Amino acid sequence: MRSFIGFFLIVWSSGTLLAGFTPDTTPRSGFALVTLVSGNVAGLVGTETLRNRTGSGIEQAVMPPSPLVTTASILVPVGAVGENTTAIAIANPSIASGGVNLILTDNIGTVVLNVVVQLGPRGQLAKYLNEFFATQAVAFSTPLLLTVSSEIPVSIVAFNFRGEEFASIPLVSLSAPIPIAVQPLSIETCSTPTTLPTAASGFGLGVAPSPPCSIIGVQTVTPPSAVQPGFGLGLPPATPPTAIFFTPPVTVSNSPVPTVTSSTTTVINSQAPASASVGGTAALVFPQVVTGGTWSTDIVLGNTSAGTQSVRIDFFSPDGLLTGSLTEITIPPRGVFFFSSEVAATTGN
């Protein structure tokens, strides 16, 4: 049961992700977008590991990046939470908004669920399929067919939960490959709460709504000498009203165990302009990233080419806010870059 409790906390957390890369007892959720800044388009590979420490040991799922799709199908079990059911995470890495239609059909093709969710710019949704039913869903004896149709390209991952164990479920795309458009990192963010046709007001319990429209930018400054109380990604310290988080320029050595060095801090300021851009044909999306409590996430990037690759990783909260960035990551030929939210929380980087 602990893994299910953890997933619920992840779904309904306050929306900030990787809170200052410091130890946190509250699980936090979001998604990650990896952008190739320079290098060989065909030479970047990556995987993500979601890990949960349970009473019986460590449970984890290792997944590749999720492709952008507009139509897709997934075969999913739907049963009692705590026994055998499915949770999904859907991320919108673009600055467009649109609806995502989820249709569940049983073994004879009867529609048992038909619902539309709305995703705002760079928004994310993570829920058990059980939660989409207006009333408590019954346990189905056979897997169901989940068909996804979206107005905008989205990235999707599904997990089968059995007791404390969970594993990723393969997705079959029914659409042609869709590249991620190059986008400015600084965007106007407006409050766009996700709603369900059958849901009462307050859908997204525990998820703080986005602030009124504002421009988010990035600038580099000298690290502060001390961390103020309440310090966290996306959470403003008392003075000044900016959200401070560590996003050091990173270099990776070509040794058997890559090492990371850092020297600066990045500040998100609601008034600061940004010149950085994210996305592109070689961008990778990890639609569910979790950290805090018993949960952690690893992201591993490999360079299969003969030239150096330069990348950046940007983290976004479920309401579309930029909550953290790892910039100036340099991966040598045949080299590997490794990031762990658990290690970052321990080291403070």
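User: What is the strand order of the open sheet of 4 strands?
Analyst: In this predicted model, the pairing in the open sheet of 4 strands is antiparallel. Strands of a sheet pair through backbone hydrogen bonds, either parallel or antiparallel. The order of the strands is E3-E2-E20-E23.

User: Which strands are the edge strands of this sheet?
Analyst: An edge strand pairs on one side only. In the order E3-E2-E20-E23, this applies to strand E3 (57-63) and strand E23 (336-340).

User: By what angle are neighbouring strands of this sheet turned against each other on average?
Analyst: The angle is taken between neighbouring strands of the sheet, with direction ignored. The average is 15°.

User: Over how many bridges do strand E20 and E23 pair, and which residue is the bridge partner of Asp298?
Analyst: Strand E20 covers residues 295-303 and pairs with E23 in the antiparallel sense. The pairing runs over 5 bridges. The bridge partner of Asp298 in E23 is Ser340.

User: How many aromatic pairs does a search of the whole structure find?
Analyst: A pair of aromatic rings is described by the distance of the centres and the angle of the planes. Searching the whole structure gives a count of 6 aromatic pairs.

User: Why is the pair of Tyr128 and Phe161 classed as it is?
Analyst: The ring centres of Tyr128 and Phe161 are 5.7 Å apart, and the planes stand at 70°. Planes over 60 degrees apart count as edge-to-face. The pair of Tyr128 and Phe161 is therefore edge-to-face.

User: How many residues apart are Tyr128 and Phe161, and in which strands do they lie?
Analyst: This pair links distant parts of the chain, 33 residues apart. Tyr128 belongs to strand E8 (residues 124-128), and Phe161 to strand E9 (residues 144-162).

User: Are Tyr128 and Phe161 buried or exposed?
Analyst: Buried means under 20% relative accessible area. Tyr128 has 0% relative accessibility, and Phe161 has 0% as well. Tyr128 therefore counts as buried, and Phe161 counts as buried.

User: What is the geometry of the aromatic pair of Phe159 and Phe166?
Analyst: Phe159 and Phe166 are both buried. Their rings lie 6.2 Å centre to centre, with 70° between the planes. The pair is edge-to-face.

User: Which residues do ring pairs link into a cluster?
Analyst: The edge-to-face pair of Tyr128 and Phe161 belongs to this cluster. Phe159 and Phe166, another edge-to-face pair, are members too. The full cluster is Tyr128, Phe159, Phe161, Phe166 and Trp295.

User: At what distance from the ring centre of Phe132 does Lys127 lie?
Analyst: Lys127 is placed over the face of Phe132. The distance from the ring centre is 5.7 Å.

User: Where is Glu328, and is it buried or exposed?
Analyst: Glu328 is in strand E22 (residues 322-331). Its phi is near 55°, a positive value in a residue other than glycine. Exposed means over 50% relative accessible area. With 52%, Glu328 is therefore exposed.

User: Where does Arg334 lie, and what is its phi?
Analyst: Arg334 is in the loop between E22 and E23. At 60% relative accessibility, Arg334 counts as exposed. Phi of Arg334 is positive although the residue is not glycine, with a value near 60°.

User: What percentage of the residues count as buried in the protein?
Analyst: The protein holds 2 helices and 23 strands. Its exposed area is about 14500 Å², of which carbon and sulfur atoms supply 61%. Of its 349 residues, the share that counts as buried is 53%.

How values were computed. Residues numbered from 1 in each chain as written. Predicted model: local features only at pLDDT ≥ 70, side-chain atom pairs only at ≥ 80, totals over all residues. Heavy atoms only, no water. Phe/Tyr/Trp six-rings, centres within 6.5 Å; stacked < 30°, edge-to-face > 60°. Buried < 20%, exposed > 50% of the residue type's maximum accessible area, 1.4 Å probe, protein only. Lys NZ or Arg CZ within 6 Å of the ring centre and 35° of its normal. Pairing = 2+ DSSP bridges. Axes fitted to C-alpha atoms, helices over the stretch in contact; angles between N-to-C directions. Areas by Shrake-Rupley, 256 points an atom, 1.4 Å probe, with all protein chains shown as cover.
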